[in-house]
Amino acid sequence: MPLLLQRMQRLAFGRRAVAHPTHPSRDIHPAWVVVLASAWLATACNVPLWREVAALPGQDTLRGWGFALAFAVIVAAGNAALLSVLAWRWTLKPAITVMLLMAAFGAYFMLAYGIAIDASMLVNVMQTDVKEAGDLLNWRMLATVLALTAPPLLWLYRRPVRRMHAFRHMAHNGALLVGSIVVIVVCLLLVFQDFASVMRNHTKLRYLINPLNSVYALGNIATKPLRLDTSTLMPLGRDAQLGASYAGQQKPPLLVLVLGETGRSVNFGLNGYDRPTTPLLSARTDLVTARNAWSCGTSTAASVPCMFSHLGRSGFEARKANYESLIDVLHHAGLAVLWLDNQAGCKGVCERVGQVHTTALQDPALCPDGECLDPIMLKDLDQRLANLPAEQRSRGTVVVMHQMGSHGPAYFKRSAAALKKFQPECTSTALQECTQAQVVNAYDNSIVQTDQFLDSVINWLSAQSDKAQTAMIYAADHGESLGENNIYLHGLPYSIAPDVQKHVPWITWLSPAMQARSGVSTPCLQKDLAERRITHDGYFHSVLGLMDVKTSVYNRDWDMFTGCRHPAAVQPAG
């Protein structure tokens with residue numbers, strides 16, 4: 001009889017109730033663990049969200065406080081709904097641990113740099129290399145993460161969680177899930193008008209709901225293969241041929257594409273900035289600067305594949321398959337192509353052509369501490385080109401130089417000591433430790449370095465005039481925030497990103513020989529692109545047009561050189 005009672009107790013109350021039948025249980029019900037963890041996540045880990053909510057108009061009124069309270073309950077119930085699905089014996093504590101860590105790191109970056117978290121931001125994180133990650137590490141991050149995770153985790157792992165029969169556990173988890181959803185619905189109904197208005201007019205808030213923003217972004221990334229076929233690379237421009245300008249040419253074309261990193265158009269002296277950040281370029285009269293140029297994305301991971309795509313930003317975002325890139329089309333046409341990378345890779349656009357990464361180079365002057373300044377890409381360049389297939393070089397060559405540029409937050413590392421014109425500069429990767437003036441000084445010094453580098457590229461190209469018809473196109477992949485409205489770095493969702501993260505410098509230099517070859521006039525371009533809006537949508541087509549590559553994927557309307565191409569010049573078929 002006692003054995004039968006014991007078995008009935010085990011089924012009804014779980015094993016721990018049998019182990020201590022006469023003493024109150026010291027364990028805690030999993031539902032309470034979920035509720036308490038969700039409350040901590042919704043409050044302590046969401047300081048960036050509540051700071052933004054507090055700044056909303058009318059938040060100091062009774063109605064504003066009511067909205068904030070309902071919003072907090074909605075966030076907590078959302079966390080609880082998610083955890084209720086994971087509230088099993090072996091998964092509850094690990095799931096809470098992961099969510100706490102995600103929330104802690106998310107809170108730090110949102111507080112420190114004013115960023116928001118979406119799928120593109122997490123892609124940036126996943127594609128960050130060790131050196132880039134090292135620039136972001138500092139004691140403030142460690143302190144924030146420990147403050148947000150240590151108290152709840154110490155409590156969590158010191159308390160036993162009550163064990164229940166599987167069916168009973170399932171019923172409790174189901175009740176918790178349904179209850180959470182009911183709470184969300186009720187709170188939404190109570191403040192629906194205010195909630196709908198805030199979400200519509202203050203889009204950034206939806207990217208600050210921590211850690212649900214990261215969970216949603218991860219889900220978006222995980223399900224991307226269902227929306228985008230990544231298993232097959234679709235061919236592009238396999239019909240590419242060289243145009244009539246190559247027939248009987250005395251000298252082949254040589255084009256350098258400088259892929260800029262983190263360039264703010266408004267900080268280039270060449271574009272009207274009130275500081276002399278581009279003294280060498282500004283002194284030249286043979287440059288074309290597009291002052292109204294806009295990026296395809298707000299991060300390298302988004303912009304670079306989009307720039308080298310034929311689809312444009314809207315088409316690239318809506319695509320159902322991956323395609324070959326501009327680099328492939330140039331290669332299909334029979335040109336020699338070389339990619340030099342001083343960054344974290346080409347994001348897949350150069351995988352089928354020759355590549356050189358500066359991590360393999362050693363130069364004490366240009367690569368201090370193993371991280372190279374951009375002029376390293378000019379070192380031994382003649383020999384690198386000589387190593388390309390001779391038959392392709394005889395037709396023409398395209399060299400891509402992917403800059404380190406002004407990559408943050410360690411702007412102070414992006415310029416040589418001799419080029420640090422603006423002082424004092426911020427020498428910390430925790431930008432909030434510096435004044436905004438110091439951050440701007442460090443960033444502007446990196447532009448001075450880019451000025452020196454681009455001028456050196458043009459001088460090198462000019463020295464090749466006896467054997468090639470040369471040109472350079474420089475375009476930054478995205479811009480940067482330097483503390484305006486407490487926002488730093490880049491990567492905000494395009495729809496809510498400030499203009500400084502999207503407004504980029506775009507500079508073109510055409511040698512007299514290239515102007516004659518292409519029929520494109522520098523004086524005409526200087527007038528045409530002074531104010532005309534151009535975007536990365538035209539990058540693919542402009543390069544093909546300048547290099548006179550005929551292919552069905554070329555779109556003349558997207559070629560920024562079309563308006564200044566002499567009618568007598570041979571144009572690519574499209």
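**Figure 1. Contacts across the sequence, seen in the whole predicted model.** Among contacts between residues at least 6 apart in sequence, 77% join residues at least 24 apart. The model shown here and in the views that follow is predicted. Its secondary structure comes to 23 helices and 16 strands. Of the 574 residues in the protein, 54% are buried. Taken along the principal axes, the C-alpha atoms fill a box of roughly 105 × 50 × 50 Å.

**Figure 2. Helix α3 and its buried face.** Helix α3 runs over residues 30–43. Its 14 residues should span 20 Å at 1.5 Å a residue, and the end C-alpha atoms are indeed 20 Å apart, so the two values agree. Look here for the buried residues P30, V33, V34, A37, S38, L41 and A42. Seen down the axis of α3, these buried residues fall within an arc of 155 degrees, and therefore line one face of the helix. What covers them includes α4 (47–54), α5, α6 (92–113), α9 (139–158) and α10 (166–190).

**Figure 3. Helix α11, with a buried side and an exposed side.** In helix α11 (residues 192–201), the buried residues are D194, F195, V198 and M199. Down the axis of α11, the buried residues fall within an arc of 125 degrees, so they line one face of the helix. Turn to the face away from that buried side and you meet the exposed residues F192, Q193 and R200. The partners that the buried residues of α11 pack against are α5 and α10.

**Figure 4. Aromatic rings around helix α5.** A search of the whole structure finds 12 aromatic pairs. One of them joins F67 and F71 in a tilted arrangement, with 5.7 Å centre to centre and 45 degrees between the planes. Both residues lie in helix α5 (residues 62–86), where they are 4 residues apart, about one turn of the helix. F67 counts as buried because its relative accessibility is 2%; F71 is buried too, with a relative accessible area of 1%. Widen the view a little to see ring pairs link W50, F67, F71 and F195 into a cluster. F195 is also among the buried residues of helix α11.

**Figure 5. An edge-to-face pair of tyrosines.** Y108 and Y113 form an aromatic pair that is edge-to-face, at 6.3 Å centre to centre and 85 degrees between the planes. Are these rings buried or exposed? Y108 counts as buried at 2% relative accessibility, and Y113 is buried with a relative accessible area of 0%.

**Figure 6. Two arginines over aromatic rings.** The charged end of R319 sits over the ring of F316, 3.7 Å from the ring centre. In a second example, R517 lies over the face of Y246, at 4.5 Å from the ring centre.

**Figure 7. An open sheet of 3 strands.** The strand order is β13-β5-β15, and the pairing is mixed. The edge strands, β13 (503–504) and β15 (534–535), each pair on one side only. Strand β5 (residues 293–294) and β15 pair in the parallel sense over 2 bridges. To find your place between these two strands, start from A293, which stands opposite I534 in β15. As a reminder for this view, strands of a sheet pair through backbone hydrogen bonds, either parallel or antiparallel.

Definitions and conventions
Residues are numbered from 1 along each chain as its sequence is written. This is a predicted model: local features need pLDDT of at least 70, side-chain atom pairs count only at pLDDT 80 or more; totals for chains, interfaces and linings use all residues. Side-chain values use heavy atoms; hydrogens and water are left out. Rings of Phe, Tyr and Trp (its six-membered ring) pair if their centres lie within 6.5 Å; planes under 30 degrees apart count as stacked, over 60 as edge-to-face and the rest as tilted. Buried means under 20% relative accessible area, exposed over 50%, partly exposed in between (1.4 Å probe, protein chains only). A charge sits over a ring if NZ of Lys or CZ of Arg is within 6 Å of the ring centre and within 35 degrees of the ring normal. Two strands pair if DSSP finds at least two bridges between them. The expected span of a helix is 1.5 Å times one less than its number of residues. The arc is that of the directions from the helix axis to the C-beta atoms. Contact means heavy atoms within 4.5 Å.
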